[in-house]
Amino acid sequence: MAQNDRRSFLRKTAALTGAAVAGQAGAAPLAVPQSAQEPGRIIDETAYGVPSKFEAHVKRRRSDVLKNRQNLSDWSMTPLQHQPGIITPNGLIFERHHAGTPDIDPRTHRLVIHGMVKQPLQFAMDDLLRYPSVSRFHFHECSGNGLTDWLKPASTTVQQTHGLLSGVLWTGVPASTLMDEAGIDPRGKWVLFEGADGSAHTRSVPMEKVLDDTLIAYGMNGEALRPENGYPVRAVIPGWEGNVSVKWLRRIKVGDQPWHFRSETARYTDPMPEGKWRQFSMVMECKSVITSPSGGQQLKGPGFYEVTGLAWSGAGKIRAVDVSFDGGRNWREATLEEPIMDKCLTRFKVGWNWDGSPAVLMSRAVDSTGYVQPSVQDIQKVRAIVGFVQHNSAIQPWSVNAKGEVRNVIGQA
Amino acid sequence: MSSARLKGIVGAGVASLLVFGCANLGGGGGMAAKSSSGIPLGSSGPHAVQPLPDRPRFGKAISEADLAAWNIDIRTPDGQGLPAGRGSVAEGKRIYEAQCIACHGADAKGGAVYGTMVGGIGSFKGSPRVLTPGSMYPYAPILFDYIRRSMPMDRPQTLTASDVYALSAYLLNLNGLVPADAVMDQNSLPRVQMPNRDGFLIDDRPDTKAVRCMTNCK
């Protein structure tokens, strides 16, 4: 937590603690606030609305653990501890770029579909906007989410441990509509997606997934894509690791086999026992995390707390989330808040009366296939946890000490 | 995984139905649907597109020749897509020292921004695994594809094909994979044998078997 964040958080905490004490002592008389005794700001039609100045601490942050020596291939993380509900505001959606954010003029941008198709096609943005559109809620998660915190705690907050995760309402054209127009050669089994950015980031995706639910998206959460999230158009490949949803999309090519790019051999592969690597591990598996209380926060004394967090699965819907308060010995089923959608963040909640003694909180999700979220120890049994390991879907423990301080205890509980 | 193995999977594959209904308290379950290539797909959504009676068609025809400048991908197992041009180890060293050394360091051993691009062969059974083009890339044409599309970072997609072949030759030579007099082109580059060629397994998750225990679990 940065100094500013910490100060702001402590201020809020102190204020709330004060209120609680006052409440116990009997309420003080309420004064009429100044805001009710003077006019507010007039409408500024030309300005884009921004959050209250008192929410300035809620912002994306880079990793505090890994010190990047350049800011072009980099990432920033969503402040999940401050997010109510299941949708991430556009200014807080995590970023991952391989060569920075380009500023692309939609009037000159083109998307092409070619390769093993009957007729190669190009589309201007005006063309794409004319097709029947669809909007769908999905989680979006980087395969590297949690890579700093496998076996021992390195990050303080849930923003740092799990913030390569956002919830988005995407709007665009089904990829199948455009593919069908180009006419797919029956031998076409794989599809290349390539960006117009300085990395020309590229991935190979199986045709079945492209035709099932892939979107060619130009909208997010009710407005155009933000530049850092792919403006003016990107692929959205629901439930799969974020980097296959290529941003700043300029090219789609159909082939009969995968290309085996650097981004799917030397990177975005998972170390396995015996010196091997797992390749094309696309689905983001069933996972959950408690966002409140979470690392770096401070409980305000014994009493009632709503323990809440997020659960998601790239293999379907969330069926259940269990919460433990004793480090995984006993579990209690949490309430899932509607809507519960396919490959989407689901909010869970469970009431907790903290008695003031030390506790270790964890959440464990089950998805619609019956898959149960594993512990780090479960994952360690079958994979090699060495180096920058992707696909950390492990149960996240947060400890609460007698002072109410909440800490990351991954690998220790 | 070898390309031969993947082709075999492509030939044999039939997408299986989703499996639902695992016992609520049971373990296992997972991503049963697979692509014809054997890649787990996750769930298949209710996403059928309604065909419209007057299906709109707004794409404009373009020829492959007119999009040639964008058509930069290399199918790396066999080098399909590699262009004409050629470059030697010596030429690569000259280009490297002019355009790459600032970030990657002398002799590609690591510099101000990035770690080494040399060595690591044989390191994967220990820790740390040292990832370099020499130790990690299963196919040599990945060097060409990646350098051409992404490097140098301050001016990507500006190198000539011969420049990229030369840089590929230089990095392969530093990793001991081609001799000092090697010349890379569309014929020689795909023939370089990479030590990690058979180092990959296709996704076989779910691989964990957590159980939904509720009481006295540890």
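This briefing covers a model of chains A and B, their sheets and their contacts.

The model is predicted. It scores ipTM 0.91 and pTM 0.89. The contact between the chains takes 82 residues from chain A and 81 residues from chain B. An open sheet of 6 strands includes strands of chain A and strand 1 of chain B. An open sheet of 3 strands takes in strand 4 of chain B.

**Confidence in chain B**

- The average pLDDT of chain B is 86.
- Of the residues in chain B, 80% score at least 70.
- Residues 1-30 of chain B stay under a pLDDT of 50.
- For that stretch of chain B, the model has 61 contacts beyond four places in sequence.

**Fold of chain B**

- Chain B has 218 residues, and 39% of them count as buried.
- It holds 6 helices and 4 strands.
- Along the sequence, the elements of chain B run α-β-β-α-α-α-α-α-β-β.
- Take the contacts in chain B between residues at least 6 apart in sequence: 58% of them join residues at least 24 apart.

**The sheet of 6 strands**

- The strand order is 8(A)-7(A)-12(A)-3(A)-4(A)-1(B), and the pairing is mixed.
- One edge is strand 8 (202-206) of chain A, and the other is strand 1 (60-61) of chain B. Each of these edge strands pairs on one side only.
- At the chain A edge, strand 7 (residues 190-195) pairs with strand 8 in the antiparallel sense, over 5 bridges.
- A:Glu194 stands opposite A:Thr202, a residue of strand 8 of chain A.
- At the chain B edge, strand 4 (residues 121-124) of chain A runs antiparallel to strand 1 of chain B. These two strands are joined by 2 bridges.
- A:Gln122 has B:Lys60, in strand 1 of chain B, as its bridge partner.

**The sheet of 3 strands**

- This open sheet has the order 13(A)-14(A)-4(B), with mixed pairing.
- Its edge strands are strand 13 of chain A and strand 4 (200-202) of chain B, each pairing on one side only.
- Direction ignored, neighbouring strands of this sheet are turned by 40 degrees against each other on average.
- Strand 13 of chain A pairs with strand 14 (residues 276-279) of chain A over 3 bridges, in the antiparallel sense.
- A:Met272 stands opposite A:Lys276, which lies in strand 14 of chain A.

**Contact between chains A and B**

- Chain A gives 82 residues to this contact, and chain B gives 81 residues.
- On the side of chain A that touches chain B, helix 4 (residues 175-182) of chain A gives the most, with 5 residues.
- By class, that side of chain A has 33 nonpolar, 28 polar and 21 charged residues.

**Domains of chain A**

- Chain A is divided into domain 1 (97-277) and domain 2 (287-408).
- The C-alpha centres of the two domains lie 28 Å apart.
- Domain 1 of chain A puts 27 residues into the contact, and domain 2 of chain A puts in 25 residues.
- On the side of domain 1 that touches domain 2, three elements of chain A give two or more residues: strand 5 (134-141), helix 3 (158-162) and strand 13 (270-272).
- That side of domain 1 of chain A has 13 nonpolar, 12 polar and 2 charged residues.
- Strand 13 of chain A thus appears twice: it gives residues to the side of domain 1 that touches domain 2, and it is an edge strand of the sheet in the order 13(A)-14(A)-4(B).

Definitions and conventions: Residues are numbered from 1 along each chain as its sequence is written. Chains are lettered from A and ligands numbered from 1 in the order in which they are written. This is a predicted model: local features need pLDDT of at least 70, side-chain atom pairs count only at pLDDT 80 or more; totals for chains, interfaces and linings use all residues. A residue is buried if 20 or more other C-beta atoms lie within 10 Å of its own, exposed if 12 or fewer, and partly exposed in between; C-beta atoms are placed from the backbone. Two residues are in contact if their C-beta atoms, placed from the backbone, lie within 7 Å. Two strands pair if DSSP finds at least two bridges between them. Domain bounds come from an automatic or database domain assignment. Ala, Val, Leu, Ile, Met, Phe, Trp, Tyr, Cys and Pro count as nonpolar, Asp, Glu, Lys and Arg as charged, and the others, Gly among them, as polar. Axes are lines fitted to C-alpha atoms, for helices over the stretch in contact, and angles run from 0 to 180 degrees between N-to-C directions. pLDDT is the predictor's confidence in each residue, from 0 to 100.
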